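Please open the model in a viewer and keep the sequence panel beside it. The stops below are arranged so that each selection leads to the next.

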Amino acid sequence: MNFDQILGHDRQIEILRRALNTDRLAHAYLFHGPDGVGKRLVALALVQATFCIDGQGCGRCTACKKIAHRNHPDIHFLEPDGNSIKIEQIRNLQRELNFRPLEASCKVGLIDHAERMTVGAANALLKTLEEPTGNALLILLTPQPQRLLETIRSRCQPLQFTRHTHARIKDVLEQKLGLAETEAHILAALSDGSFKKAFGKDKELYLEKRRDLLKTLTGLSSGSILPVLEFAEYLASEKADLPDILEIFQAFFRDVLLMLHHQDESRLVNQDLMDRIRQVTRRESTTAVLDKLEALAAANTHLERNVNRQLAMEVLLLRLTADSERHI
Amino acid sequence: MAYLVLARKWRPQNFSDLIGQEHVGQTLANAIRSGRIHHAFLFTGARGVGKTSAARILAKALNCEQGLSEQPCNECPSCLEITSGQGMDVLEIDGASNTGVDDIRELRENIRYLPSRARFKIFIIDEVHMLSTNAFNALLKTLEEPPEHAKFIFATTEPHKIPVTILSRCQRFDFRKIPVQKVTQRLREIADAEALQISDRSLGLVARHGEGSMRDALSTLDQVIAFCGETIADDDVQALLGMVDRRLLLDTIEAILQHDSRRLLDLVRQVDQLGHSLRQFVQELVELLRGLIICKVVADPDDLLDLVDEELKELQKLAEAASLEDLQRIVTLLMKVQAELSNSPYPLLTLEMALVRIANLAPTQEIGALIRQLELLEKRLAGAPVSAAPVRGAKAESSPTGGVPPKKPEAPVATKPDSTDWQGLVEKVRQKRPLLGSLLEHGRPLAMAPPQVDIGYPKGSFMLVQLLEPENLQDLTTLAEAYFQQKIKLTFSAIEEEQQDAPPSLVETREARETDRMRRLREDAMQHPALKNVLEIFDGEIVKVIPTDKGFV
């Protein structure tokens, strides 16, 4: 994978290219941006461009091949061990960086999910990050730069990565997975600019089940409580998919919110359910929709904190089906 | 990688290069000149303000072969060794990697030996806050009385993590954040030395981006150079720093202030399409709102906001349309959103939701105005608020048990414009001279236009005679003058019994109110279902209604 093969991130790649060409590559970079947009790919492409014989990342020389196979002796990958990156891992990296490079011109340390470094680990990295011994290139990757120590951030050159545009993800989904346009649109909209999310999504859930779920949801009314409780029980039983289902609900109510404000229909996610959206829009007010979205956010928090699932779902559905008149 | 980033290349090499930390430089230079050098120093301050650099400069100054001086030569082997970090006698220890008590024990073993070449053996412990408690304690004795040839320099960003026992053994220097102007100045020097073409405005942006840290500013400059080469355009800098276009921000704030949710959603789409980080967008909104608030509260905001005139005018225009409370509320909400955005699985939705919510907020009302309105309302309802003491009995309702329909509010007591004054005066007199006060209560205020106060009594009444006694008249006049705070001519005149147009005396008012109340109490009682039942069963009649609260008033 070299720079040319990466989709998007033109500006970021341009910056790195120019730095390489003018020999102004810094010793420490911080790539930050949403998960799954290609930070790691760009980092590897950068390493490949520095290690490769012709300086482009040809993909044919030994160095390029070794990088592609993840067995280059001069690249050291660091990933969270369990939940966090521990001080021991950082010490190992420092030890490795102290040696001379075996094949390449310098040693490279690639720290993925740098925000998961423990406080001790992060502090232990500080001196190395400021003035690494010998030739070293450190690349830190993180989706949440604000969780890093200020002192770490200040020692790296930050490079911000942005989400992919909706159109690009849609195109790729259409081409690579052969999805129909509406389906590609829905998946792309729900993936929020991240390829990882777009490809990782459960197609069946997002395309087929979504329709049924939303139909059931909009069919509920506050008048008959039994179906509401039954649906809550069903939701609670879908343990693994529950966060995704909530996301689908969120997207639906966002559509309603946008519709209420007369936004362009192409912005909506659930293109195939326009009738439903219009129907719900007619009976809801802005405040009611905002309340429902808040209820969904609250349900998410509840799930994260291990609240009784069924209870959380019941509360959520009761709030979602509440009459909008009551809110006015 | 032969390239050294600017922050390392331009690391200050003597005290005069240490920008923004003149107080530290001067103190240390004076200490060296006068030979009063402490054996342990603690440098604290934010990231990238020069702590480690200062530690190295101090080490060089102490060990320079040209002699102890505040200006290290940077040429002798000793100085060069320290610069390259290889000095035999200057040990730079990474406190965060060597945190254990064993590391400190090793250091203590080491400290006994004399320096090999230089004057002092210097231990620089960077990131010292990461040492374990045991390690700190193991250091205490050594730190208090080290051998003569040993010096300690600690550097840390987090002094609060260091035990007080360590703090008290060190000379502490607090490094300040570096003001933007000084950073800009230094950047200009470096840019010139590196032969860069860059405008002052861009340098200002870069400096501001550093937020008081030289290293951050230099990293940014590095990035700018990497992107643009030697000639740097303003637009590139702005794009590189990921700054959201100002127009977009101003439009957003305008839309918020105009409660235009639709336009807000359009703007969010634009921001999204341009690929800006939503967090940064919110952050810049907050910064702009800060500007607005400053425009609102400060007469000339020039010093606090360094903006171009044009931008300032635009801000002031926006600020005029908004109330301070509204702005503060928006800032609070946006700051909350900013925190939520980083954890949100669906950030775009979070932002849209929040902005729509903010736009739909009802406009705030100034609390002061509300209170004034309340007071006005209270006055209007109470009728005679200044001294309600005699009225209170009438006001406390004696409601029988529940089930009775709520009573109609009492008919407002007929008030003449002067009745408040009269009541107040009587109250005051009662406090000083109870006897005279009760006499006054029977009088009818015929004229209450200070300085003329005329009070009428039934002709030939005992009260009139009493009041007309010169002594009492004198006392009353004094009291009245104190009450009205002006000269008062007090007269008491006799009135005919039949004269009906004279205003009623306080006693009469009270009686009237009392009878009125009794009448209504009776009506209420009559309607009480329990009472009705009793009347029906026993075939009784109501003889008397006694209010139950009377005894407690």
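Two residues are in contact here if their C-beta atoms, placed from the backbone, lie within 7 Å. The model is a predicted one, in which local features need pLDDT of at least 70 and side-chain atom pairs count only at pLDDT 80 or more, whereas totals for chains, interfaces and linings use all residues. Residues are numbered from 1 along each chain as its sequence is written, while chains are lettered from A and ligands numbered from 1 in the order in which they are written.

**The interface**

Display both chains and select the residues that touch across them. On the chain B side there are 41 residues, in contact with 44 residues of chain A. Helices (H or I, at least four residues) and strands (E, at least two) are DSSP runs, numbered from the N terminus. Two or more residues of the chain B side are given by each of helix 10 (214-228), helix 13 (261-273) and helix 17 (347-359) of chain B. Helix 10 of chain B supplies the largest share, 8 residues. Next, colour this side by class: Ala, Val, Leu, Ile, Met, Phe, Trp, Tyr, Cys and Pro count as nonpolar, Asp, Glu, Lys and Arg as charged, and the others, Gly among them, as polar. The side of chain B that touches chain A then shows 15 nonpolar, 14 polar and 12 charged residues.

**Chain B: helices 9 and 10**

Keep helix 10 of chain B selected and add helix 9 (residues 200-209) of chain B. Two packed helices are described by the angle between their axes and the distance between the axes. Axes are lines fitted to C-alpha atoms, for helices over the stretch in contact, and angles run from 0 to 180 degrees between N-to-C directions. For helix 9 and helix 10 of chain B the angle is about 130° and the axes are 7 Å apart. The two helices are therefore oblique to each other; angles under 35 degrees count as roughly parallel, over 145 as roughly antiparallel, 65 to 115 as roughly perpendicular and the rest as oblique.

Show the side chains at this contact. Helix 9 of chain B contributes B:Val206, B:Ala207 and B:His209, which meet B:Ala217, B:Thr220, B:Leu221 and B:Val224 in helix 10 of chain B. By class, the residues of this contact divide into 5 nonpolar, 2 polar and no charged.

From helix 9 of chain B, move to B:Gln238 in helix 11 (residues 234-240) of chain B. B:Gln238 and B:Leu205 are 33 residues apart in sequence, but their C-alpha atoms are 7.9 Å apart in space. A residue is buried if 20 or more other C-beta atoms lie within 10 Å of its own, exposed if 12 or fewer, and partly exposed in between, with C-beta atoms placed from the backbone. B:Gln238 has 16 such neighbours within 10 Å and is partly exposed.

**Chain B: the sheet**

Select the strands of chain B that form an open sheet: 5 strands lie in the order 2-3-4-1-5, with parallel pairing. Strand 2 (90-94) and strand 5 (171-174) of chain B stand at the edges, each with a single partner strand, so one side of each is left without a neighbour in the sheet. Neighbouring strands of this sheet are turned by 15° against each other on average, direction ignored. Two strands pair if DSSP finds at least two bridges between them. Strand 2 of chain B and strand 3 (residues 121-126) of chain B pair in the parallel sense over 5 bridges, and B:Glu92 stands opposite B:Ile124 in strand 3 of chain B.

**Chain A: helices 1 and 2**

Turn to chain A and select helix 1 (residues 10-21) and helix 2 (residues 39-51), which pack at an angle of about 20° with their axes 11 Å apart. That angle makes helix 1 of chain A roughly parallel to helix 2 of chain A. Here A:Gln12, A:Ile13, A:Leu16 and A:Leu20 in helix 1 meet A:Val42, A:Leu46, A:Ala49 and A:Thr50 in helix 2 of chain A.

**Chain A: strand 5 and helix 8**

Select strand 5 (residues 157-160) of chain A. A:Gln157 and A:Leu159 point to one face and are buried, while A:Pro158 and A:Gln160 point to the other and are not. Strand 1 (residues 28-32) of chain A pairs with strand 5 of chain A in the parallel sense over 4 bridges, with A:Leu30 opposite A:Pro158.

Finish at helix 8 (residues 181-191) of chain A, where 9 of the 11 residues are buried, so this helix is largely enclosed by the rest of the structure. Its cover includes helix 7 (166-177), helix 9 (195-200), helix 10 (203-219) and helix 12 (242-260) of chain A. Following helix 8 of chain A is A:Asp192, whose phi is positive, near 55°.
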